[in-house]
Amino acid sequence: MGAEERDGGKDRARAVGASAVRRGSPPERPRVRLDLPRVPRRTFWPEYDPEAFGRLSEKIARFLGTGRFIVWMTVVVIVWVGWNVLAPGHLRFDEFPFIFLTLALSLQASYAAPLILLAQNRQADRDRVSQEQDRAQNERSIADTEYLTREIAALRLGLGEVATRDWIRSELEDLMRDLELRRMVEAESDERDR
């Protein structure tokens, strides 16, 4: 492709754009390819993985709900208060109303509460999915049970028409009685004829 062809292409594009402006229609935008992902836009907000953040919040919430956390928190508060009451004056960093300790505990609580709520929301989502799967499994079990019930009823109806051993035995006994009666009748008729 030579320089003349490139310049000719630009001139042609300018002429199309200029004619579009003269006609009052907007210039053509480049076609967007739907088979390619969009180029991500730059944002001012930091990007993070919500799943990784959720897993981290669950780990923190699990730790906050243990006896180990309560013991460590108690030890930290006792050491903090003990240091600021018993240490020499120039080494104390938080005097009696312990405002810095209050601020630190408030900050910890302000972060702990949303993390615990996030962990609870994730658990509720998992529970909802599990319940939906259980419901679907129960529906399949009910459908299977109804199918088997219909099959058993059909077998019972079919067995009602099938000759059972007891029925055949009773029919044979009836035939034997009939045969014996016929023999007896024939024997009596033979005796009369003689």
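Student: Is tyrosine 48 buried or exposed?

Tutor: This is a predicted model, in which local features need pLDDT of at least 70, side-chain atom pairs count only at pLDDT 80 or more, and totals for chains, interfaces and linings use all residues. Residues are numbered from 1 along each chain as its sequence is written, and side-chain values use heavy atoms, with hydrogens and water left out. Buried means under 20% relative accessible area, exposed over 50%, and partly exposed in between (1.4 Å probe, protein chains only). The relative accessible area of tyrosine 48 is 61%, so this residue is exposed.

Student: Which geometry does the aromatic pair of tyrosine 48 and phenylalanine 53 have?

Tutor: Rings of Phe, Tyr and Trp (its six-membered ring) pair if their centres lie within 6.5 Å; planes under 30 degrees apart count as stacked, over 60 as edge-to-face and the rest as tilted. The structure holds 5 aromatic pairs. For tyrosine 48 and phenylalanine 53, the centres are 5.9 Å apart and the planes meet at 65 degrees, and the pair is edge-to-face.

Student: Which class of exposure does phenylalanine 53 fall into?

Tutor: The relative accessibility of phenylalanine 53 is 43%. Because of that value, phenylalanine 53 counts as partly exposed.

Student: Why is the pair of phenylalanine 96 and phenylalanine 98 classed as it is?

Tutor: The ring centres of phenylalanine 96 and phenylalanine 98 are 5.9 Å apart. Their planes stand at 65 degrees, so the pair is edge-to-face.

Student: Which is phenylalanine 98, buried or exposed?

Tutor: Its partner, phenylalanine 96, counts as exposed at 65% relative accessibility. Phenylalanine 98 has a relative accessible area of 13%, so phenylalanine 98 is buried.

Student: How many helices does the chain have?

Tutor: Helices (H or I, at least four residues) and strands (E, at least two) are DSSP runs, numbered from the N terminus. Along the sequence the pattern is α-α-α-α-α. The count is 0 strands, and for helices 5.

Student: What percentage of the residues counts as buried?

Tutor: The chain exposes about 18,100 Å² (Shrake-Rupley method, 1.4 Å probe; for residues, only the protein chains shown count as cover). Carbon and sulfur atoms supply 61% of that area. Of the 194 residues, the buried share is 9%.

Student: Where do the buried residues of helix H3 lie around its axis?

Tutor: Helix H3 covers residues 67-86 and reaches 28 Å from its first C-alpha to its last, close to the 28 Å expected at 1.5 Å a residue (the expected span is 1.5 Å times one less than the number of residues). Its buried residues include Phe69, Trp80 and Asn84. Down the axis they fall within an arc of 15 degrees (taken from the directions from the helix axis to the C-beta atoms), so they line one face of the helix.

Student: Which helices do the buried residues of H3 pack against?

Tutor: Arg68, Ile70, Val71, Ile78, Val79 and Leu86 are exposed on the other side of H3. The buried residues pack against helix H2 (50-64) and helix H4 (99-161).

Student: Which residues form one aromatic cluster with Trp80?

Tutor: Trp80 is among the buried residues of H3. The residues that form one aromatic cluster with Trp80 are Phe93 and Phe100.

Student: Which residues of H4 are buried?

Tutor: H4 has 63 residues and reaches 92 Å from its first C-alpha to its last, close to the 93 Å expected at 1.5 Å a residue. The cover over its buried residues includes H2 and H3. The buried residues are Leu101, Ala112, Leu115, Ala119 and Arg122.

Student: Which residues does arginine 122 touch?

Tutor: Arginine 122 is found in helix H4 and is buried, with a relative accessible area of 16%. Contact means heavy atoms within 4.5 Å. Not counting residues up to four places away in sequence, arginine 122 touches Pro50, Glu51, Gly54, Arg55 and Glu58.

Student: How many Å separate the backbone oxygen of glycine 54 from a polar atom of the side chain of serine 57?

Tutor: Serine 57 is found in helix H2 and is buried, with a relative accessible area of 1%. Leaving aside neighbours within four places in sequence, serine 57 is in contact with Leu115, Leu118 and Ala119. The backbone oxygen of glycine 54 lies from a polar atom of the serine 57 side chain at 2.7 Å.

Student: How many Å apart in space are leucine 105 and valine 77?

Tutor: Leucine 105 is found in helix H4 and is partly exposed, at 31% relative accessible area. Leaving aside neighbours within four places in sequence, leucine 105 is in contact with Met73 and Val77. Leucine 105 and valine 77 are 28 residues apart in sequence, and C-alpha to C-alpha they are apart by 9.3 Å.

Note on methods:
Polar contact = N/O pair within 3.5 Å; in protein donor to acceptor, adjacent residues only side chain to side chain.
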